[in-house]
Amino acid sequence: MFHRLTDDYHVAPQIEVADLVAAAEQGFALVINNRPDGEEPDAPQGEAIAAAAREAGIAYVAVPVGHGGFSHAQLDALDAARAAHPGKVLAYCRSGTRSAHLWALASARGGAEPGALCDAAAAAGYDLAMLRPMLTSLSAGA
């Protein structure tokens, strides 16, 4: 259920409260919620996941990404969350796609090579082809 992008960054589709026990057992230090509350009312909302993360000893940060796209503020929030909570990360959204895209954009902005980002995402089942021009631009500006 948790898809590896790197050794320290995994993404997943919507997680359940019970998944936090497995996340703790697998050594995750931080859960990043990339899903806006209310997007799907029947899904566990942020506060329920945050409470379960706390119980499991895992930090929780919400960096919601709506269907309107990505912003530098979201990249900044992701970078700040990772800096404040070093270690293995599990990011989730409805399917894991927005989480994978946000990771790739932030990584490219940090200077990561776009081809390597695309390869890592593809190995996890996510296609970054439509982001390739933006990844290239962000990486070149690093």
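Start with the residues that line the largest cavity of this predicted model, a set that divides into four nonpolar, five polar and four charged residues. To find the place, select Gln14, Arg35, Pro36, Pro44 and Gln45, which lie nearest the centre of the cavity among the 13 residues of its lining. The enclosed volume is about 60 Å³, and the count of cavities of 30 Å³ or more comes to one. Rolling a probe the size of a water molecule over the atoms shows where empty space is left.

Keep Arg35 selected and add Glu39, Glu40 and Arg98, since these four residues are worth viewing together. Which residues do salt bridges with shared partners join into one network here? They are Arg35, Glu39, Glu40 and Arg98, so that Arg35, one of the residues nearest the centre of the largest cavity, can serve as the point from which to trace the network.Now select Asp19, in helix α1, which spans residues 19-25. Is Asp19 buried or exposed, and which side chain of opposite charge is nearest? Asp19 is buried yet has no salt bridge, and the nearest side chain of opposite charge, that of Arg35, is 11 Å away. If residues up to four places away in sequence are left aside, Asp19 touches Met1 and Phe2, and these two can be added to the selection.

Turn next to the salt bridges, of which the model has eight by the distance rule used here. Select Arg82 and Asp8, whose side chains form one of them, with the closest N and O atoms 3.5 Å apart. Arg82 lies in helix α3 (residues 72-84) and Asp8 in the loop between β1 (3-6) and β2 (9-12), so the pair ties together parts that are 74 residues apart in sequence. Both partners are partly exposed, Arg82 with a relative accessible area of 27% and Asp8 at 34%.

Stay on helix α3 and select Asp76 together with Arg109, whose side chains meet in a salt bridge at 2.8 Å, N to O. Because Arg109 lies in helix α4 (residues 97-109) and Asp76 in helix α3, this pair ties together parts that are 33 residues apart in sequence. Arg109 is partly exposed, with a relative accessible area of 22%, and Asp76 counts as partly exposed as well, at 41% relative accessibility.

Leave Arg109 in view and add Asp79, which forms a salt bridge with Arg109, the closest N and O atoms being 2.7 Å apart. Here too the link runs from helix α3, where Asp79 lies, to helix α4, where Arg109 lies, so the pair ties together parts that are 30 residues apart in sequence. Asp79 counts as partly exposed, at 33% relative accessibility.

Move on to Ile32, whose place is in strand β3, residues 28-33. Ile32 is buried, with a relative accessible area of 0%. Which residues does Ile32 touch, when those up to four places away in sequence are not counted? Display Tyr9, Val61, Val63, Leu78, Val89, Leu90, Ala91 and Tyr92, and the contacts of Ile32 will be in view. Add Cys93 for a distance check: the C-alpha atoms of Ile32 and Cys93 are separated by 8.9 Å, although the two residues are 61 residues apart along the chain.

Next, select Ala124, which is found in the loop between α5 and α6, the latter covering residues 132-140. Ala124 counts as buried, at 10% relative accessibility. With residues up to four places away in sequence not counted, Ala124 touches His3, Arg4 and Leu5. The C-alpha atoms of Ala124 and Arg4 are 6.0 Å apart in space, while the two residues are 120 residues apart in sequence.

For the last stop, select Asp119 in helix α5, residues 114-123, a residue that counts as exposed at 55% relative accessibility. Adding Ile49 gives a further distance to check, as the C-alpha atoms of Asp119 and Ile49, 70 residues apart along the chain, are separated by 30 Å.

Notes: Residues are numbered from 1 along each chain as its sequence is written. This is a predicted model: local features need pLDDT of at least 70, side-chain atom pairs count only at pLDDT 80 or more; totals for chains, interfaces and linings use all residues. Side-chain values use heavy atoms; hydrogens and water are left out. On a 1 Å grid over the protein atoms alone, a cavity is a set of points where a 1.4 Å probe fits but cannot get out, and a pocket is an open set with protein on both sides within 12 Å along at least five of seven lines; lining residues have an atom within 4 Å of a point. Grid points are joined across faces, edges and corners, and a volume is the space filled by probe spheres set on the points. Ala, Val, Leu, Ile, Met, Phe, Trp, Tyr, Cys and Pro count as nonpolar, Asp, Glu, Lys and Arg as charged, and the others, Gly among them, as polar. Helices (H or I, at least four residues) and strands (E, at least two) are DSSP runs, numbered from the N terminus. Buried means under 20% relative accessible area, exposed over 50%, partly exposed in between (1.4 Å probe, protein chains only). Lys and Arg count as positive and Asp and Glu as negative; His and the chain ends are not counted. Contact means heavy atoms within 4.5 Å.
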